[in-house]
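Biologist: I have a model open and would like to learn how to read its features. Could you take me through it step by step?

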Amino acid sequence: MYLLLFASGFLAATLFPASSELLLLTLYNQGYQPVLLWVVASAGNTLGSCVNWWLGARLRLFSHKRWFPFSAKSLARAEQLFQRFGLLSLLFAWLPIIGDPLTLVAGVLRVRFSVFLALVFLGKAARYALLLSIVATLN
């Protein structure tokens with residue numbers, strides 16, 4: 001079941017619409033180890049975001065192509081805005097709808113991977129810890 005949670009967390013962090021929270025809480029209520037659930041869900045979800053970052057970084061290689069979705073001017077502006085607000089916004093990569101594209105844009109804008117990884121992991125791990133502690137309090 002831990003492997004299923006890892007896969008669920010991974011998929012939920014990619015651009016595919018998915019969620020891992022229900023499985024996490026179900027496994028918790030079935031008696032699985034909370035710390036292990038937290039580690040597995042956080043790792044899977046963070047790794048999924050790393051795939052988005054990598055895809056964004058690879059997408060940038062095609063910036064000279066006619067079909068590339070961003071102009072050089074819009075990329076420069078996005079990079080400027082992201083440098084101003086974006087790095088800390090990676091703490092919110094767990095948010096529905098905006099979180100997954102945010103991690104893709106971080107790759108396109110060449111956010112240093114070590115910074116990306118630390119901020120994304122911190123945000124996602126904190127979210128899972130909060131969910132587990134709320135459910136533990138309610139039980």
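Modeller: Gladly! Keep in mind that this is a predicted model. A good place to begin is burial: buried residues make up 37% of the 139 residues in the protein.

Biologist: How many helices and strands does the protein have?

Modeller: There are 6 helices and 0 strands, so the pattern along the sequence reads α-α-α-α-α-α, with helices taken as DSSP runs. The C-alpha trace spans about 55 × 25 × 25 Å along its principal axes.

Biologist: What share of the contacts with a separation of 6 or more comes from residues 24 or more positions apart?

Modeller: Such residues account for 74% of those contacts.

Biologist: Now to empty space. What is the volume of the largest pocket, and how is one found?

Modeller: The general idea is that rolling a probe the size of a water molecule over the atoms shows where empty space is left. Here, the largest pocket has a volume of about 250 Å³. Its lining counts 19 residues, and Ala12, Ala18, Trp94, Leu95 and Pro96 lie nearest the pocket centre. Two elements, α1 (2–13) and α6 (113–138), each give two or more residues to this lining, and α6 gives the most, with 3 residues.

Biologist: How do the lining residues of the largest pocket divide into nonpolar, polar and charged?

Modeller: They split into 12 nonpolar, 3 polar and 4 charged.

Biologist: And the aromatic rings: which residues form a cluster?

Modeller: Rings pair if their centres lie within 6.5 Å. A search of the whole structure gives 5 aromatic pairs, and Trp53, Phe113 and Phe116 form one aromatic cluster. Look at Arg127 too: this residue lies over the face of Tyr128, 4.0 Å from the ring centre.

Definitions and conventions: Residues are numbered from 1 along each chain as its sequence is written. This is a predicted model: local features need pLDDT of at least 70, side-chain atom pairs count only at pLDDT 80 or more; totals for chains, interfaces and linings use all residues. Side-chain values use heavy atoms; hydrogens and water are left out. Rings of Phe, Tyr and Trp (its six-membered ring) pair if their centres lie within 6.5 Å; planes under 30 degrees apart count as stacked, over 60 as edge-to-face and the rest as tilted. A charge sits over a ring if NZ of Lys or CZ of Arg is within 6 Å of the ring centre and within 35 degrees of the ring normal. On a 1 Å grid over the protein atoms alone, a cavity is a set of points where a 1.4 Å probe fits but cannot get out, and a pocket is an open set with protein on both sides within 12 Å along at least five of seven lines; lining residues have an atom within 4 Å of a point. Grid points are joined across faces, edges and corners, and a volume is the space filled by probe spheres set on the points. Helices (H or I, at least four residues) and strands (E, at least two) are DSSP runs, numbered from the N terminus. Ala, Val, Leu, Ile, Met, Phe, Trp, Tyr, Cys and Pro count as nonpolar, Asp, Glu, Lys and Arg as charged, and the others, Gly among them, as polar. Buried means under 20% relative accessible area, exposed over 50%, partly exposed in between (1.4 Å probe, protein chains only). Contact means heavy atoms within 4.5 Å.
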